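Please open the model in your viewer and keep the sequence beside it, so that each selection can be followed from one stop to the next.

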Amino acid sequence: MSELTIQPVPQPVFEGVAIAAPIAIKKHQLPALKYDYAALEPTIDARTMMLHFEKHHGAYVKKLNEALEKFPDLQNKSAVWLLCHLDHLPTSIKTAVHNNAGGHVNHGLFWRAMKPCGRTEPTGALRDAINRDFGGLAEFKQVFEDEGAKVFGSGWVWLVCSLKNGANLQVITTTGHDNPLMQNLLPVLLNDVWEHAHYLSYENRRPDYLKAWWAVVDWDQASANFEKRSQSVSEILSADNALFLAT
Ligand code: MN3
């Protein structure tokens with residue numbers, strides 16, 4: 001029987017050597033999901049949620065970090081700041097940051113726009129504004145569904161309002177992962193109309209997905225977003241703004 005001798009691992013000796021403190025580099029991260037993958041069933045199936053969150057959103061985060069690797073000055077900027085300041089970015093990473101910061105920001109908003117058994121209705125100022133600008137909740141939903149169905153290719157459908165002056169609500173669509181803040185518009189509610197958001201359950205029937213989706217909308221979050229309409233763009237873009245927390 002042979003004896004096993006475990007050799008101690010030599011430890012580096014730093015005595016008398018000044019060691020520089022590590023530089024704190026902010027890596028963008030997937031936000032915490034506040035519900036299980038199966039929690040939005042049957043509206044959104046668990047496998048779609050898993051793939052969408054881990055693989056799609058996860059890839060945007062990974063690629064955003066990779067794009068910023070050689071640019072330490074940009075690593076502590078929030079993803080939403082980067083998305084709204086594309087002209088400040090080096091040409092070599094502009095497209096990668098545009099696509100992946102947008103994907104990160106929009107999906108962070110999207111997960112929080114939903115909740116299990118979200119059968120709530122808009123209340124207070126948001127309810128009043130929807131009634132004023134669309135003629136009622138049912139009318140608003142129809143416009144949102146119609147516009148979402150019309151997006152050609154991949155994009156998002158949004159309920160937005162102007163910042164600062166509290167102007168009217170409107171429904172807009174964006175392509176790719178563009179965000180309304182790039183047009184100085186405040187996101188209040190959003191739905192993802194990329195095929196990856198619905199294809200496993202709804203296949204090519206995007207209008208069915210848009211209609212079913214209301215069952216998981218978190219109107220309390222939409223109201224909280226709407227409360228930020230009096231803020232300026234720079235306030236909205238500040239790193240500690242709860243609307244874009246973790247992005
Ligand atoms: Mn998506």
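Are F110 and W156 buried or exposed? Select both residues in this predicted model, and you will find that F110 is buried and that W156 is buried as well.

**The rings around F110**

Stay with F110, whose relative accessible area is 1%, and add W111, which counts as buried at 4% relative accessibility. The rings of F110 and W111 form a tilted aromatic pair, with 5.4 Å from centre to centre and 50° between the planes. Now turn back to W156, whose ring centre lies 5.7 Å from that of F110; because the planes stand at 80°, and an angle over 60 degrees counts as edge-to-face, this pair is edge-to-face. F110 belongs to helix α3 (residues 91-112) and W156 to strand β1 (residues 155-162), so the pair ties together parts that are 46 residues apart in sequence.

Next, extend the selection to Y37, F53 and W158, which ring pairs link with F110, W111 and W156 into a cluster. A search of the whole structure finds 14 aromatic pairs, the pair of F110 and W111 being one of them.

**Along helix α3**

Select the whole of α3, which has 22 residues and spans 32 Å from its first C-alpha to its last, close to the 32 Å expected at 1.5 Å a residue. Then centre the view on V97, where α3 bends by about 35°.

From there, move to N100, which also lies in helix α3 and which is buried, with a relative accessible area of 8%. Which residues does N100 touch, not counting those up to four places away in sequence? Show A59, Y60, K63 and L64, since these are the residues that N100 touches under that condition.

**Charges over rings**

For the next stop, select K77 together with W81, and look for K77 over the face of W81, at 4.4 Å from the ring centre. A second case appears when you select R229 and F226, where R229 lies over the face of F226 at 4.0 Å from the ring centre.

**Confidence in the model**

Finally, colour the protein by pLDDT, whose mean is 88, with 84% of the residues reaching 70 or more. Select residues 1-21 last, where pLDDT stays under 50 and where the model has one contact beyond four places in sequence.

Note on methods
Residues numbered from 1 in each chain as written. Predicted model: local features only at pLDDT ≥ 70, side-chain atom pairs only at ≥ 80, totals over all residues. Heavy atoms only, no water. Phe/Tyr/Trp six-rings, centres within 6.5 Å; stacked < 30°, edge-to-face > 60°. Buried < 20%, exposed > 50% of the residue type's maximum accessible area, 1.4 Å probe, protein only. Helix = DSSP H or I, 4+ residues; strand = E, 2+ residues; numbered from the N terminus. Lys NZ or Arg CZ within 6 Å of the ring centre and 35° of its normal. Expected span 1.5 Å × (residues − 1). Bend = angle between axes of the 7 residues up to and from the residue. pLDDT = per-residue confidence, 0-100. Contact = heavy atoms within 4.5 Å.
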